[in-house]
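Q: Could you take me on a close look at the part of this model around the ligand? I would like to know what surrounds the ligand and what touches it.

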Amino acid sequence: MRVVDIIRKKRDGGRLTSEEIAHVIAGAVDGSIADYQLSALLMAIYLRGMDDEETAWLTGAMARSGERLDLSSVPGPKVDKHSTGGVGDKTSLVLAPLAAACGLVVPMMSGRGLGHTGGTLDKLESIPGLSVDLDEARLKDGLRRIGCVVMGQTASLAPADRTLYALRDVTGTVESLPLITASIMSKKIAEGIDGLVLDVKVGRGAFMKTAEAARALARSMVAAGAEAGVRTEALLTSMDAPLGRAVGNALEVVECVATLSGCGPRDLEDLSVRLTAQMLLIGGLAMDVPDGERQARRALSSGAGLGKFREMVAFQGGDLRALDEPDRLPVGPQREMVTASRTGFVVAVDAEAIGRATVLLGAGRDTAGAAVDHGVGALLLCKPGDRVSAGEPLVELYYRGEERVTPARRLAAEAFVIGDEPPAAPPLVLEVIR
Ligand code: URA
């Protein structure tokens, strides 16, 4: 099989066979196919697309390119959740302990911040001492003892994705539906889970700006999961405004603890409970969504979810005193309020603009591997629907250094749209895709 023939076939709009796809993935992992040929094929896929079957073959070949975790020695249904990325989206840190408190096993392998969106690992690492680098033995130990861990991807899982993602990043081929599906789902399938809930974000602060694009991605990922024997369901949820009030690593951890203590922002609590319910349903522990929501709310009000979060933080080496005394978290030393220019109702808070403002403050990274400042970010004092008076604080910026806050201040102010009428409240879940 010659790689150049496979490239030509896809370039001309042909359909690849499972053998051709397997050949390419094997060559990507053992280095026998040159980066320039892989890049050419990625561009051909970007331009010509793949049908559902090709996408499933690609996903399967990438999932098999490394080890697949065998979690059969850990009792209980194993269910994970994956979000396509949002601003202030900290639901993973709330729902993993809630789901564990309800009896699920949650081996959550998360990522780092990407572009203007935050990453769960960066957030969790703002807790002093906490490590997200767990090997397989530690992962299983944590799952047996607590029921949830949140960790980084191990090197042996889906190594083909690392090679292909690095090339996509520098060849303008990230935004391809079959390539995104195969990238995300190959890693999830290799985790050895029984079920997966996808939170596909739609709107200003999401990578998918329209419901059509988000629906197409959700359908493609659900089909790839089903093909691999992982029960997968997707919820389309709004990412026009940031979720909750805190955006920025340590600030978001504080908000997660507040939410698990029953005093977090309503939108964050409701979405975390809804996603937990979907996980319980997929894992066979709930009869339906209302039953799952009841169980999740019970775990919240009894403090069982907070208890699991504390156990997980301690297991991963984190200093529990930082959860009780947030002053021990590295929260930014300088603070500044951005105020309303007029009286009215907050009509919109542009999640992407807030996300970009916090990246400018140092909460995210411009280049892969760069360090993040865990202490900086934004705390929204007003959300869509709130009434404000001219001069009233809208958002508090936490920062380090004047040179960073000046551009961030402008972006944060521009994120708020104030009008004469309150906006309609968006539904919590736009659509469920099974
Ligand atoms: N996240 C991934 O892991 N892969 C993609 O292709 C996009 C987002």
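A: Let's start with Ser183: in this predicted model, a polar side-chain atom of Ser183 lies 2.6 Å from a nitrogen atom of the ligand. Two other residues also bring polar side-chain atoms to the ligand, this time to oxygen. For Lys187, a polar side-chain atom is 2.5 Å from an oxygen atom of the ligand, and for Arg168 the distance from such an atom to a ligand oxygen is 2.9 Å.

How much of the ligand does the protein bury? Taken alone, the ligand exposes 240 Å², and the protein buries 80% of that.

Now step back to see the whole shell. The residues around the ligand are Tyr165, Arg168, Ile180, Ser183, Ile184 and Lys187. Sorted by character, the shell holds three nonpolar residues, one polar residue and two charged ones.

Which elements supply these residues? Two or more shell residues come from each of α8 (159-171) and α9 (177-190). The largest share is from α9, which gives four residues.

To place this in the chain, it helps to know the domains. The protein chain is divided into domain 1 (3-49), domain 2 (79-324) and domain 3 (331-419). The centres of domain 1 and domain 2, taken over C-alpha atoms, are separated by 31 Å. Even so, these two domains meet: 11 residues of domain 1 are in contact with 13 residues of domain 2. Between them, domain 1 and domain 2 bury about 1,000 Å², with 83% of it on carbon and sulfur atoms.

Definitions and conventions
Residues are numbered from 1 along each chain as its sequence is written. This is a predicted model: local features need pLDDT of at least 70, side-chain atom pairs count only at pLDDT 80 or more; totals for chains, interfaces and linings use all residues. Side-chain values use heavy atoms; hydrogens and water are left out. A residue is near a molecule or strand if one of its heavy atoms lies within 4 Å of it. A polar contact is a pair of N or O atoms within 3.5 Å; within protein, one must be able to donate a hydrogen and the other to accept it, and residues adjacent in sequence count only if both atoms are side-chain atoms. Accessible areas come from the Shrake-Rupley method with a 1.4 Å probe; for residues, only the protein chains shown count as cover. Ala, Val, Leu, Ile, Met, Phe, Trp, Tyr, Cys and Pro count as nonpolar, Asp, Glu, Lys and Arg as charged, and the others, Gly among them, as polar. Domain bounds come from an automatic or database domain assignment. Contact means heavy atoms within 4.5 Å. Buried area is the accessible area (1.4 Å probe) that two parts lose on being put together, summed over both.
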